[in-house]
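Q: I am new to this structure and would like a close look at one helix, followed by an account of the parts around it and elsewhere in the chain. Please take me through it slowly.

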Amino acid sequence: MDKWQELTVTVNREAQEAVANILVESGSQGVAITDSADYLGPVGKYGELFPEVEQSDQVKITAYYPESMGIEAIKAQVNQAIQELPEFGLKTGQAELSSHELAEADWAENWKKYYQPTRISHDLTIVPSWTEYQAGPGEKIIKLDPGIAFGTGTHPTTKMSLFALEQVLRGGETVLDVGTGSGVLSIASSLLGAKDIYAYDLDEVAIRVAQENIDLNPDMANVHVATGNLLEGVDQEAHVIVANILADILVNLTDDAYRLVREEGYLILSGIIAEKLDLVLEAAYTSGFLLETQMVQGEWNTLIFKKTDDLSGVIGG
């Protein structure tokens with residue numbers, strides 16, 4: 001039986017996506033994120049999410065490598081890349097790395113341990129691709145395979161993004177999903193009634209994983225996946241644009257988003273750590289958007305902006 005090596009990195013939550021990408025680029029065949037913020041209670045009537053466990057600002061990222069790869073050299077490479085992240089404005093905290101060997105069967109079981117069917121909201125439940133699950137009345141199922149680096153769809157930023165889509169989609173809309181990652185937001189948009197969804201990501205691996213996940217779900221011909229650098233060169237108008245990526249990247253898409261969102265349309269921005277909130281708000285306001293809804297879970301924020309001249313439905317309006 002083949003052997004696998006497990007490398008675990010404990011790092012500040014703010015840097016988790018960057019570290020996951022570093023692990024993938026170092027040759028990992030799978031990445032799982034354990035975050036205390038994933039273990040949440042129900043969604044409240046105003047979008048608030050109630051935690052069930054004590055929250056920590058540290059997350060554990062576990063990566064898997066074939067036995068043939070030199071784990072010590074990989075650890076050194078990963079550690080060096082993590083040390084450089086503060087130069088890009090990301091907190092890493094006291095990053096810790098550890099590794100050990102495990103059998104291939106253990107690797108498979110570890111995936112299943114990390115990834116179980118999860119009811120995200122009133123309508124949406126995320127189900128791993130290998131699990132048999134019977135949907136209840138009105139329940140919409142999102143089938144996902146964790147792929148290699150894009151999580152299970154249960155992180156607070158993803159949960160709040162899904163809840164935001166539930167709030168703004170009524171059926172028949174065009175949606176742009178920027179930085180699609182696993183494709184979960186595109187799949188959800190289709191299930192919630194959007195007519196056409198265009199999913200973009202700069203990472204070729206993300207494009208492949210997103211398409212594989214979309215193919216796991218029936219009736220997804222209306223989801224179109226393509227390589228793209230945010231919204232550069234995009235001319236497709238949309239009723240809703242959603243982006244769940246780092247705040248420092250979000251600020252670079254608000255002008256293009258305003259250009260593409262139809263009047264009375266929405267921009268959903270997520271993945272915003274508390275200390276970067278004002279940065280994103282300023283960028284969106286400068287582009288012309290008005291804030292309609294803010295959702296908060298721990299350090300994370302999700303914002304729903306509207307392109308409108310009507311101030312009656314916006315915060316401070």
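A: In the predicted model shown here, the buried residues of helix H5 are Val184, Leu185, Ser186, Ile187, Ala188, Ser189 and Ser190. That makes seven of the eight residues of H5, so the helix is largely enclosed by the rest of the structure. Just after H5 comes Gly193, whose phi is positive, at about 110°.

What does this helix lie against? H5, which spans residues 184-191, lies across strands E8 and E9, and its direction makes an angle of about 155° with that of E9. These two strands belong to an open sheet of three, arranged in the order E7-E8-E9 with mixed pairing. Strand E7 (118-119) and strand E9 (140-144) are the edges of this sheet, and each has a single partner strand, so one side of each is left without a neighbour in the sheet. E7 is joined to E8 (residues 124-128) by two bridges in the antiparallel sense, and one of the residue pairs that can be picked out is Arg119 with its bridge partner Thr125 in E8.

Further along the chain there is another antiparallel pairing, in which strand E15 (residues 290-297) is joined to strand E16 (residues 300-306) by seven bridges. Within this pair Val296 stands opposite Asn301 of E16. The two strands form a hairpin with two residues between them, and there Gly298 takes a positive phi near 60°.

Residues of this hairpin also meet strand E14, which holds Leu267. Leu267 counts as buried, because its relative accessibility is 0%. When neighbours within four places in sequence are left aside, its contacts are Ile241, Leu253, Thr254, Ala257, Phe289, Leu303, Ile304 and Phe305, and among these Leu303, Ile304 and Phe305 fall in the range of E16. Leu267 also has its C-alpha atom 5.9 Å from that of Val242, although the two are 25 residues apart in sequence.

E14 leads on to the empty space inside the model, where a search of the whole structure finds two cavities of 30 Å³ or more. The largest cavity holds about 60 Å³ of space, and its lining consists of Glu14, Leu90, Leu246, Ala247, Asp248, Gly271, Ile273, Lys276 and Trp300. Helix H7 (247-250) and strand E14 (261-273) each provide at least two residues of that lining. By character, the lining residues of the largest cavity divide into five nonpolar, one polar and three charged.

Leu90, one of the residues that line the largest cavity, is also a contact of Ala18, which touches Leu85 and Leu90 once residues up to four places away in sequence are not counted. Ala18 lies in helix H1, made up of residues 16-25. Is Ala18 buried or exposed? Its relative accessible area is 15%, and because the limit for a buried residue is under 20%, Ala18 is buried. Finally, Ala18 and Thr92 are 74 residues apart along the chain, while their C-alpha atoms are separated by 9.9 Å.

Notes. Residues are numbered from 1 along each chain as its sequence is written. This is a predicted model: local features need pLDDT of at least 70, side-chain atom pairs count only at pLDDT 80 or more; totals for chains, interfaces and linings use all residues. Side-chain values use heavy atoms; hydrogens and water are left out. Two strands pair if DSSP finds at least two bridges between them. Helices (H or I, at least four residues) and strands (E, at least two) are DSSP runs, numbered from the N terminus. Contact means heavy atoms within 4.5 Å. Axes are lines fitted to C-alpha atoms, for helices over the stretch in contact, and angles run from 0 to 180 degrees between N-to-C directions. Buried means under 20% relative accessible area, exposed over 50%, partly exposed in between (1.4 Å probe, protein chains only). On a 1 Å grid over the protein atoms alone, a cavity is a set of points where a 1.4 Å probe fits but cannot get out, and a pocket is an open set with protein on both sides within 12 Å along at least five of seven lines; lining residues have an atom within 4 Å of a point. Grid points are joined across faces, edges and corners, and a volume is the space filled by probe spheres set on the points. Ala, Val, Leu, Ile, Met, Phe, Trp, Tyr, Cys and Pro count as nonpolar, Asp, Glu, Lys and Arg as charged, and the others, Gly among them, as polar.
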